[in-house]
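Please open the structure in your viewer and keep the selection panel at hand. The tour begins at a single side chain and then widens, step by step, to the surrounding elements and the whole chain.

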Amino acid sequence: LGSRSRLEQMASDPDAPAVRSVVDGCLEHVRRAVATLRAAHPDLGVVLVGVLDNVDHPPQLPRFRDPDGLRNISRALDRYDDGLRALVDNDPRGTFFDDRAWFRGLWGGRDASGAPAYRSVPLGSYAVDHRAADDPLASVLSDGHAGLAWNLLWCQALARCLATDLGLPVRAIDDGELGRFFDEQVAHIRRG
């Protein structure tokens, strides 16, 4: 759902048959995977994680500036996320984690004209910028994978989701603990 060509299709027409087919196919795979897991482990807790909006991926920042196209992409991704929500709506052992809302809550997004308008995220003694670089103060690594800060903040949010939404005995990771760990890791990385 996040390739450049798929995003271009979504930007053009979020209801195009090719887009709907891919979204429906992905949802069917998830539905079958959950059913297979639950058949073997009926009490298994399941977190279905929504799709990120890859227009926020640093290599895509110069692209997808048209506000109408961005709204169309969101509509197509909403269709997928709404399908995931429907899979766990009446499931006391299932929950949905909104990855796009999590991202926007931290780094923000595009402005009304479609231009990047991301903010820095304070973490420990530092501020992490939404950019790609092999630097612990970048949200994304040069190879496109999530960086140290992103992974730490995501783990914190997921631990909260597991404890709160599924009632699992998962200890919350407080901001102070996360910040101290981040500071230690930045110091370690910079020492080489």
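Begin by selecting Arg-100, which has a relative accessibility of 5% and therefore counts as buried, the cut-off for that class being under 20%. Bear in mind throughout that this is a predicted model. Arg-100 has its place in helix H4, and if you display its side chain together with that of Asp-81, you will find a polar contact between the two side chains at 2.8 Å. Next, show the residues around Arg-100: leaving aside residues up to four places away in sequence, Arg-100 touches Val-51, Leu-52, Asp-53, Ser-74, Leu-77, Asp-78 and Asp-81.

Now extend the selection to the whole of helix H4, residues 99–107, which lies across E5, E6 and E7 and runs at about 125° to E6. Keep these strands in view and add helix H5, residues 148–166, which packs on the sheet and touches E5, E6 and E7, with a direction that makes about 80° with that of E5.

With both helices located, hide them for a moment and look at the sheet itself, in which three strands are arranged in the order E5-E6-E7, forming an open sheet with mixed pairing. Strand E5 (121–123) and strand E7 (138–140) stand at the edges, and because each has a single partner strand, one side of each is left without a neighbour in the sheet. Looking along the sheet, you can follow how neighbouring strands are turned against each other, by 45° on average when direction is ignored.

For a closer view of one pairing, select E5 together with strand E6, residues 126–132: the two run antiparallel and are joined by three bridges. One position to label here is Leu-123, whose bridge partner in E6 is Tyr-126.

Finally, zoom out and colour the chain by secondary structure, which comes to six helices and seven strands; read from the N terminus on, the elements follow the order α-α-β-α-β-α-β-β-β-β-β-α-α. The radius of gyration is 18 Å, close to the 16 Å that the globule rule gives for 192 residues, so the protein is as compact as a globular protein of that length. Its C-alpha trace spans about 50 × 45 × 25 Å along the principal axes. If you then switch on the surface, its accessible area comes to about 10200 Å², with 53% belonging to carbon and sulfur atoms, while 39% of the 192 residues count as buried.

How values were computed
Residues numbered from 1 in each chain as written. Predicted model: local features only at pLDDT ≥ 70, side-chain atom pairs only at ≥ 80, totals over all residues. Heavy atoms only, no water. Pairing = 2+ DSSP bridges. Helix = DSSP H or I, 4+ residues; strand = E, 2+ residues; numbered from the N terminus. Axes fitted to C-alpha atoms, helices over the stretch in contact; angles between N-to-C directions. Contact = heavy atoms within 4.5 Å. Rg over C-alpha atoms; globule rule 2.2 N^0.38 Å. Buried < 20%, exposed > 50% of the residue type's maximum accessible area, 1.4 Å probe, protein only. Areas by Shrake-Rupley, 256 points an atom, 1.4 Å probe, with all protein chains shown as cover. Polar contact = N/O pair within 3.5 Å; in protein donor to acceptor, adjacent residues only side chain to side chain.
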